[in-house]
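Q: I am in my first year and would like a close look at a single part of this protein, namely one helix and the way it packs against its neighbours. Please take me through it slowly, and then show me how that part fits into the whole.

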Amino acid sequence: MTEEDPIPRLAVLGAGVMGVSITTLALGQGVPVTLIETDPAKRADAPARIARELRTAQLMGVHPGTPRAELTTGSSPADCAGAEVVIEAITEDAGLKSAVLTEVSAVTGQDTALVTNTSSIPVDELAARLPRPESLLGVHFMNPSYLIRTVEVIRGTKSSPEAVSSVRRLLTALGRRGVFVGDGPGFVTSRVLHRMINDAARVVQEGRASAEDVDTLMQDCLGHRTGPLRTADLIGIDNLVDSLRVLHERTGDEGCRPCELLLEKVRAGEHGRKSGQGFYTYTGVVS
Ligand SMILES: NC(=O)c1ccc[n+]([C@@H]2O[C@H](COP(=O)([O-])OP(=O)(O)OC[C@H]3O[C@@H](n4cnc5c(N)ncnc54)[C@H](O)[C@@H]3O)[C@@H](O)[C@H]2O)c1
């Protein structure tokens, strides 16, 4: 990626909620993507899910007139070879993420910037396990990435100026505004939001109000855009619980220990929009 050619060669790891969302954003902005997913069913399904999201984005007037870029899929971190920026959006598990990023480091050059989309794991914790810790930054894209124009950017203590500048160019190509924040469990957004969602679920668990009533009060009285429990469904309750565990383990804050209702929903497979059922029921939107 040079100043003359600002379109980065981008690889995205993971075709879950966020991998699909980030890929949709990139393709809509004219940035080609190699999307890598280990689960064969999810990999096969990803192009159709992305096409649906692109159609929705178009209907909402996002990316008007930008020609869509090409999507390629792959099954292994080795398919990141040749990428200038790699965005990791796999399951919220520090061991899995550092293993995959180590594999990516082995097939990419030292100029390749590695970006983790982790919600909660400190960037320095992941970087410490990598052969080139200076290549890693955190960029916290949220869902749907094509609608949310601001991203939280986390510079690790070892992140190099070159990696920072690659990420700045990526954000320009994607039309996103980065807000740089300090490292630490949950950074800013998950540290605040995830604990609040956990409290909202606890209120429902205690029988004090229904999910609908909690969301209505938070929306109408406090100006929360979607309500915390609809947000939980959008995030994915399985991912939310993983992130709360990361926060609880690293901060000791009891408010971050996932409440029983969230754990029950994960056990029951009620993961939110992606499974068709969470705090609410969804038809025809499973992705
Ligand atoms: N869901 C959200 O709203 C949201 C928002 C911001 C950040 N995040 C973060 O983004 C990351 C992904 O979250 P998600 O909600 O998309 O999770 P998800 O469970 O929907 O998807 C994760 C995907 O990664 C795949 N995967 C696992 N190991 C892999 C590997 N080695 N190589 C390639 N693919 C692999 C899984 O098969 C799965 O499809 C997490 O770190 C999460 O905390 C999520």
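A: Helix 6 and helix 9 are roughly perpendicular to each other, and their packing is a good place to begin, bearing in mind that the model is predicted. The angle between helix 6 and helix 9 is about 115°, while their axes lie 10 Å apart; the label of roughly perpendicular follows because angles from 65 to 115 degrees count as such. The crossing of helix 6 and helix 9 is left-handed. On the side of helix 6, the contact is made by S190, R191, H194, I197 and N198, and these meet L240, S243, L244 and L247 of helix 9. Sorted by class, the contact of helix 6 with helix 9 has 4 nonpolar, 4 polar and 1 charged residues.

Helix 6, which covers residues 189-205, also packs with helix 8, residues 228-235, again at an angle of about 115°, and here the axes are 9 Å apart. Helix 6 and helix 8 are therefore roughly perpendicular to each other as well, and helix 6 passes helix 8 in a left-handed crossing. In this second contact, M196, I197, A200 and A201 of helix 6 meet P228, L229, T231 and A232 of helix 8. The residues of the contact of helix 6 with helix 8 divide into 7 nonpolar, 1 polar and no charged. If you compare the two lists, you will find I197 of helix 6 in the contact with helix 9 and also in the contact with helix 8.

To place this part in the whole, it helps to turn to the domains. The domain assignment gives domain 1 (10-181) and domain 2 (189-275), with their C-alpha centres 25 Å apart. The contact between them takes 9 residues from domain 1 and 11 residues from domain 2, and the side of domain 1 that touches domain 2 is made up of 2 nonpolar, 4 polar and 3 charged residues.

The ligand links back to the helices just described. Its shell holds 28 residues, and the closest are G14, G16, V17, M18 and S119. Helix 9 (237-251), the partner of helix 6, is among the elements that give two or more residues to this shell, together with helix 1 (17-28) and helix 3 (94-107). Helix 1 gives the most, with 3 residues. By class, the shell has 11 nonpolar, 13 polar and 4 charged residues. Domain 1 and domain 2 both give residues to the shell, so the ligand lies between them.

Key:
Residues are numbered from 1 along each chain as its sequence is written. This is a predicted model: local features need pLDDT of at least 70, side-chain atom pairs count only at pLDDT 80 or more; totals for chains, interfaces and linings use all residues. A residue is near a molecule or strand if its C-beta atom, placed from the backbone, lies within 6 Å of it. Helices (H or I, at least four residues) and strands (E, at least two) are DSSP runs, numbered from the N terminus. Ala, Val, Leu, Ile, Met, Phe, Trp, Tyr, Cys and Pro count as nonpolar, Asp, Glu, Lys and Arg as charged, and the others, Gly among them, as polar. Domain bounds come from an automatic or database domain assignment. Axes are lines fitted to C-alpha atoms, for helices over the stretch in contact, and angles run from 0 to 180 degrees between N-to-C directions. Angles under 35 degrees count as roughly parallel, over 145 as roughly antiparallel, 65 to 115 as roughly perpendicular and the rest as oblique. A crossing is left-handed if the near helix is turned anticlockwise from the far one by less than a right angle, and right-handed if clockwise. Two residues are in contact if their C-beta atoms, placed from the backbone, lie within 7 Å.
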